[in-house]
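Student: Hey, can you walk me through this one? I'd like to start with the charged side chains.
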Amino acid sequence: MTDTTPKPSPIFKPLYKQVQELITERIIEGIWKPGEILPSEFQLADLLGVSQGTVRKALNALTEDNVLFRRQGVGTFVSEHTLQKMMFHFFHFKSDNGDVPELPYAQLLETRLITPDDSLRTLFDIASDEKVIEIHRVRSIKNTASIRELIYLPHRFFIDLDKEEKLPHSLYHYYQQHFNITVHKATDKLKAVLADEQDQSVLNIAAGQPLLEVTRTARALDGRTVEYRISRANSQDLHYLVELN
C-alpha cells in the first residue's frame with residue numbers, strides 16, 4: 001500500500017498546505033473527477049494520516065480557490081465548468097445594450113496541427129519537435145460575427161483534438177470533460193489594433209477598422225499553461241467588462 005502521508009519538504013510548508021497539494025494532485029490525476037464528491041473529512045484524515053482539523057483547513061482553502069465547492073449537509077465536491085458558470089467567469093465581452101444573455105455562438109473555421117514558433121514553445125514549455133493545435137473560429141452575437149479567435153493548445157495535452165470536425169461553444173467545459181484539464185486561472189491582456197485582411201473577411205468589416213484584441217494565457221490546476229488565445233473583437237457594439245470585488 002502506498003504511503004500517502006505528507007512528507008517534510010526542504011522548504012517548509014504548513015501541513016494543511018501539503019494536504020491541499022495532495023488533494024489537488026489527485027484531482028489532476030483523475031482520481032476525483034469534476035462534479036464528484038470527495039471522501040468525508042474523517043476519511044481523508046485517515047487516508048492522509050493527519051488530523052480532521054488539518055483536512056478541514058485544506059478543504060476551506062481549496063473551496064476559497066474554487067477548486068472545490070460544498071453542498072450544505074451533503075459534502076464537498078470537485079468543481080466543474082458548466083456552460084452557465086463559464087459565461088460569467090471567463091467570458092467578459094458584453095453588449096453595449098446590456099449583458100449577453102447566453103454564450104455567443106461559435107463557428108469553427110479551421111483546426112490544424114502546426115509547428116509552433118519560439119514564443120509558443122517557450123510559453124508552453126515544450127520541446128522543439130512538439131506540435132501545437134491551432135483553432136480558428138468566429139463567435140457571433142445576435143447573428144452578427146463579432147469576435148475572431150485563434151486558440152493554441154499543446155498537442156501533448158489534447159491528443160487528437162485537431163481531428164475533431166466539430167467543437168462545442170464552451171471549450172473549457174470540453175477540456176475538463178474530455179481531457180481532464182481544468183482551466184483554473186487566466187490572464188488577459190487588452191490592446192487596440194487595426195483590422196487585418198483575415199479580420200475583414202471573417203467579421204465583414206472595413207480595412208483598418210479599430211478592434212479590441214484580448215490575448216489570454218490560461219493555466220491548469222497545477223500551473224501548466226494549457227491555452228493561449230487571441231480574440232479580436234469588433235467593439236462597435238461590444239465592451240470588455242471586469243467586475244472587481
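Tutor: Sure, let's begin in helix H5 (residues 118-124), where Arg121 and Asp118 sit three residues apart, about one turn of the helix. Helices here are DSSP runs of H or I with at least four residues, strands are E runs of at least two, and both are numbered from the N terminus. By the way, this is a predicted model, where local features need pLDDT of at least 70, side-chain atom pairs need 80 or more, and totals for chains, interfaces and linings use all residues. Numbering starts from 1 along each chain as its sequence is written, and side-chain values use heavy atoms, leaving out hydrogens and water.

Student: OK, so what does Arg121 form with Asp118?
Tutor: A salt bridge, and the closest N and O atoms are 2.2 Å apart. The term means a side-chain nitrogen of Lys or Arg within 4 Å of a carboxyl oxygen of Asp or Glu.

Student: Why do such side chains pair at all?
Tutor: Side chains of opposite charge can pair when their charged atoms come close.

Student: Is Arg121 buried or exposed?
Tutor: Arg121 counts as buried because its relative accessibility is 19%, and the cut-off for buried is under 20% (over 50% is exposed, in between is partly exposed, with a 1.4 Å probe and protein chains only). Its partner Asp118 is at 54%, so Asp118 counts as exposed.

Student: How many salt bridges does the structure hold?
Tutor: There are 16 of them. Another one joins the side chains of Glu149 and Arg139, at 2.9 Å from N to O. That pair links distant parts of the chain, with Glu149 in strand S6 (residues 144-154) and Arg139 in strand S5 (residues 132-141), 10 residues apart.

Student: And are those two buried or exposed?
Tutor: Glu149 has a relative accessible area of 2%, so Glu149 is buried. Arg139 has 5%, so Arg139 is buried too.

Student: Which residues are linked with Arg139 and Glu149 in a network?
Tutor: Arg137, Glu227 and Arg229 join them in a network of salt bridges.

Student: What about Asp160, which residue does it pair with?
Tutor: Asp160 forms a salt bridge with Lys163, and their closest N and O atoms are 3.2 Å apart. Asp160 counts as partly exposed because its relative accessibility is 36%. Lys163 has a relative accessible area of 61%, so Lys163 is exposed.

Student: Cool. New topic: helix H1. What span should its 14 residues have?
Tutor: At 1.5 Å a residue, H1 (residues 15-28) should span 20 Å, and its end C-alpha atoms are 20 Å apart, so the two agree. The expected span is 1.5 Å times one less than the number of residues.

Student: Which residues of H1 are buried?
Tutor: Tyr16, Gln18, Val19, Gln20, Ile23, Thr24, Arg26 and Ile27 are.

Student: So what covers the buried residues of H1?
Tutor: The cover includes two helices, H2 (41-48) and H3 (52-64), plus strands S1 (68-71) and S2 (75-78). Contact here means heavy atoms within 4.5 Å.

Student: Last one: what phi does Gly30 take, just after H1?
Tutor: A positive one, of about 85°. Try finding Gly30 in the picture, just after H1.
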